[in-house]
Amino acid sequence: MCSNSTLLIDNLMDLSHVAYLHKSTVGSGDPMAHVSAKFDVEERANGLKFTKWIFDTEPPAAFANLRDYAGKIDRWSEQDLFSPGSLFTWIGMMEAGAGAYESEQLRAEKGLTQRLFHGMTPETEDSCHYFFVWASDFPNDDMADSIWASFEILLEEDRMMVDAQAERNREFGEDHLVPIASDDIRMRVKRIMTRLKSAEDPSNAQPVAQV
Ligand SMILES: [Fe+2]
């Protein structure tokens, strides 16, 4: 349960928050690595897909014990959003410079990866349901248990942050909010949602020609 499904989606569309909110798990290390990460974005009529890349970096605390090789990694987080509230995530890591960025096939074959599903839907004006599903290709249950413990921490961090933000928005309104560079994808999603909502509005329907 969470206070606001729109803010939850906003949160997942701006992954710069990972460096600050999830420091103890998936966001450890240099915050600027998350802010200056490479983003590949692809808009669709019914949503948007983006992939965040951090190259040649130390694995975050939550992943440090999962790999079976030494040295730095390339890590990715692919987010595929289908309006209004279904998000498919593919996160993973590979040895740095081993071709992860160049080849999706290599990522699938050689990467240590996790698939997530986030389903978000409003319940009332001030509450929503958040369904979270997780699967991995980890070779043993200890690894799975370890990463799941991290997810329990970070899901609670997200919930607390979104609830606090909803409270602030209720108190002060949203007119004073100013998008910054890291809001780029979030703003793209807002435009797509607005377009889809407008298309569903019966008052915008085009008259059908009589024959
Ligand atoms: Fe988060």
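Of the 211 residues of the protein, 25% count as buried. The model is a predicted one. Its C-alpha atoms fill a box of roughly 65 × 45 × 30 Å, taken along the principal axes. The protein contains 6 helices and 6 strands, and along the sequence these follow the pattern α-α-α-β-β-β-β-α-β-β-α-α. Among contacts between residues at least 6 apart in sequence, 57% join residues at least 24 apart.

A place to begin is helix H1, which covers residues 5-13. Because 7 of its 9 residues are buried, H1 is largely enclosed by the rest of the structure. The buried residues of H1 are Ser5, Leu7, Leu8, Ile9, Asn11, Leu12 and Met13. The elements that cover them include the strands E3, E4, E5 and E6, together with the helices H5 and H6. Of these strands, E3 spans residues 73-82 and E4 spans residues 86-95, E5 spans residues 112-124, and E6 spans residues 127-136.

Two helix pairs that involve H1 can be described further. Two packed helices are described by the angle between their axes and the distance between the axes. For H1 and H5, the axes come within 10 Å and cross at roughly 120°. An angle of 65 to 115 degrees would count as roughly perpendicular and one over 145 as roughly antiparallel; H1 and H5 are therefore oblique to each other. Their crossing is right-handed. On the H1 side the contact is made by Leu7, Leu8 and Asn11, and on the H5 side by Asp158, Met161, Val162, Gln165 and Ala166. Sorted by class, the contact of H1 with H5 has 5 nonpolar, 2 polar and 1 charged residues. An α-helix has 3.6 residues a turn, so residues three or four places apart point the same way. In H5, Asp158 and Val162 are part of this contact, and so are Met161 and Gln165.

The other pair is H1 with helix H6, which runs over residues 184-200. Here the axes come within 8 Å and cross at roughly 135°. H1 and H6 are therefore oblique to each other as well, and this crossing is right-handed. Ile9, Asp10 and Met13 of H1 meet Ile185, Arg186 and Val189 of H6. By class, the contact of H1 with H6 has 4 nonpolar, no polar and 2 charged residues.

Next comes helix H5 itself. It has 32 residues, from 141 to 172. At 1.5 Å a residue H5 should span 46 Å, and its end C-alpha atoms are 46 Å apart, which agrees. The buried residues of H5 are Ile147, Asp158 and Val162. These pack against H1, helix H2 (18-21) and E6. Asp158 and Val162 also appear in the contact with H1. Just after H5, glycine 173 takes a positive phi of about 80°.

Backbone geometry also marks two places earlier in the chain. Most residues other than glycine have a negative phi, and most peptide bonds are trans. Aspartate 56 has a positive phi, near 50°, and is a residue other than glycine. Aspartate 56 lies in strand E2, residues 47-57. Because 12 C-beta neighbours lie inside 10 Å, aspartate 56 counts as exposed. The other place is the peptide bond from serine 83 to proline 84, which is cis, with omega near 5°. Proline 84 is found in the loop between E3 and E4.

After E4 the chain reaches tyrosine 101, in the loop between E4 and helix H4. With 17 C-beta neighbours inside 10 Å, tyrosine 101 counts as partly exposed. Leaving aside neighbours within four places in sequence, tyrosine 101 is in contact with Trp53 and Asp74. Tyrosine 101 and isoleucine 54 are 47 residues apart in sequence, and their C-alpha atoms are 10.0 Å apart in space.

Glutamate 104 lies in H4, residues 104-110. With 14 C-beta neighbours inside 10 Å, glutamate 104 counts as partly exposed. Glutamate 104 and asparagine 169 are 65 residues apart in sequence and 40 Å apart in space, C-alpha to C-alpha.

Definitions and conventions. Residues numbered from 1 in each chain as written. Predicted model: local features only at pLDDT ≥ 70, side-chain atom pairs only at ≥ 80, totals over all residues. Helix = DSSP H or I, 4+ residues; strand = E, 2+ residues; numbered from the N terminus. Expected span 1.5 Å × (residues − 1). Buried ≥ 20, exposed ≤ 12 C-beta atoms within 10 Å, placed from the backbone. Contact = placed C-beta atoms within 7 Å. Axes fitted to C-alpha atoms, helices over the stretch in contact; angles between N-to-C directions. Parallel < 35°, antiparallel > 145°, perpendicular 65-115°, else oblique. Left-handed = near helix turned anticlockwise from the far one by under 90°. Nonpolar A, V, L, I, M, F, W, Y, C, P; charged D, E, K, R; others polar.
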